[in-house]
Amino acid sequence: MDGDITVEETSSFLVCQNKQGQQENKEDLEGLRYIRKINKRVEFLCDQCDYVATQSNHLKRHKESKYNGVRYPCDQCEYWATRSSDLKKHKESKHEGVRYPCGQCEYLATRSSDL
């Protein structure tokens, strides 16, 4: 949902129109408290807490992990992740020994974002 977007709410789903005039039906967004548009930025608000997302899939992921109990178990230990990407990073660092070397010293990070 980049660029100029208009959002119109209908009785069963949201219709988003991007700047190319293409429409997308967002049926999976039912149950949203509301959507607000501020300075050409669309925000999706959680109907159960103060969480605000800039993308509908981020709100969906938030609700799945926080309120629907979606968890991803590690098959090698007792770890449970709320995101599949976090489970993948866990397995790489804890069970596969993946390390990311620093280019300026001998440090080895378990995540590239830690460099």
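**Entry 1. Proline 73**

I began with proline 73 and looked up its contacts beyond the neighbours within four places in sequence; I found Tyr79, Trp80 and Leu87. The model I am reading is a predicted one. Proline 73 has its place in strand E7. I asked next whether proline 73 is buried, exposed or partly exposed. With a relative accessible area of 42%, proline 73 is partly exposed. I also took the distance to serine 84, which stands 11 residues away along the chain. The C-alpha atoms of proline 73 and serine 84 are separated by 9.1 Å.

**Entry 2. The whole chain**

I then turned to the overall make-up. The protein chain holds 10 strands and 2 helices. Along the sequence I read the pattern β-β-β-β-β-β-α-β-β-α-β-β. The protein chain has 115 residues, and 22% of them count as buried. For its accessible surface I noted about 8400 Å², with 41% of this belonging to carbon and sulfur atoms. I also looked up how far apart in sequence the contacts reach. Among contacts with a separation of 6 or more, 9% are between residues 24 or more positions apart.

**Entry 3. Helix H2**

I examined helix H2, residues 84–95, and asked what span its 12 residues should have. At 1.5 Å a residue, the expected value is 16 Å, and the end C-alpha atoms are 16 Å apart, so the two agree. Which residues of H2 are buried? I found Leu87, His90 and Ser93. These residues cover an arc of only 140° around the axis, and therefore they lie on the same side of H2. I recalled the general rule that an α-helix has 3.6 residues a turn, so residues three or four places apart point the same way. I then looked up what covers the buried residues of H2, and the cover includes strand E7 (72–73) and strand E8 (80–81). Leu87 had already appeared in my notes as one of the contacts of proline 73. After H2 comes glycine 97, and its phi is positive, near 70°.

**Entry 4. Helix H1 and lysine 60**

I moved to the other helix. The buried residues of H1 are Ser56, Leu59, His62, Lys63 and Ser65. What covers these buried residues includes strand E5 (41–45) and strand E6 (52–53). I singled out lysine 60, which lies in H1, residues 56–66. Lysine 60 has a relative accessible area of 40% and is therefore partly exposed. I took its distance to phenylalanine 44, which is 16 residues away along the chain, and the C-alpha atoms are separated by 9.7 Å.

**Entry 5. Strands E5 and E6**

How do E5 and E6 run relative to each other, parallel or antiparallel? They run antiparallel, and 2 bridges join them. The two strands form a hairpin, with 6 residues between them. I traced one bridge and found that phenylalanine 44 has alanine 53 in E6 as its partner. In E5, 4 of the 5 residues are buried, so this strand is largely enclosed by the rest of the structure. Arginine 41 has its place in E5, and I noted it as partly exposed, with a relative accessible area of 43%. Arginine 41 and threonine 54 are 13 residues apart in sequence, and their C-alpha atoms are 7.5 Å apart in space.

**Entry 6. Cysteines**

I closed by looking for disulfides. A disulfide is a covalent bond between the sulfur atoms of two cysteines. My search of the whole structure found 0 disulfides. I wanted to know why cysteine 77 has no bond to its closest cysteine sulfur. I applied the cut-off that a disulfide needs sulfur atoms within 2.5 Å. The closest cysteine sulfur to that of cysteine 77 is in cysteine 74, at 3.8 Å, which is too far for a bond. I repeated the check on cysteine 105. Its sulfur is 3.6 Å from the closest cysteine sulfur, in cysteine 102, and this too is too far for a bond. I also recorded the exposure of these residues. Cysteine 77 counts as partly exposed, at 28% relative accessibility, and cysteine 105 is partly exposed, with a relative accessible area of 43%.

Terms used:
Residues numbered from 1 in each chain as written. Predicted model: local features only at pLDDT ≥ 70, side-chain atom pairs only at ≥ 80, totals over all residues. Heavy atoms only, no water. Buried < 20%, exposed > 50% of the residue type's maximum accessible area, 1.4 Å probe, protein only. Expected span 1.5 Å × (residues − 1). Arc of directions from axis to C-beta. Contact = heavy atoms within 4.5 Å. Pairing = 2+ DSSP bridges. Areas by Shrake-Rupley, 256 points an atom, 1.4 Å probe, with all protein chains shown as cover.
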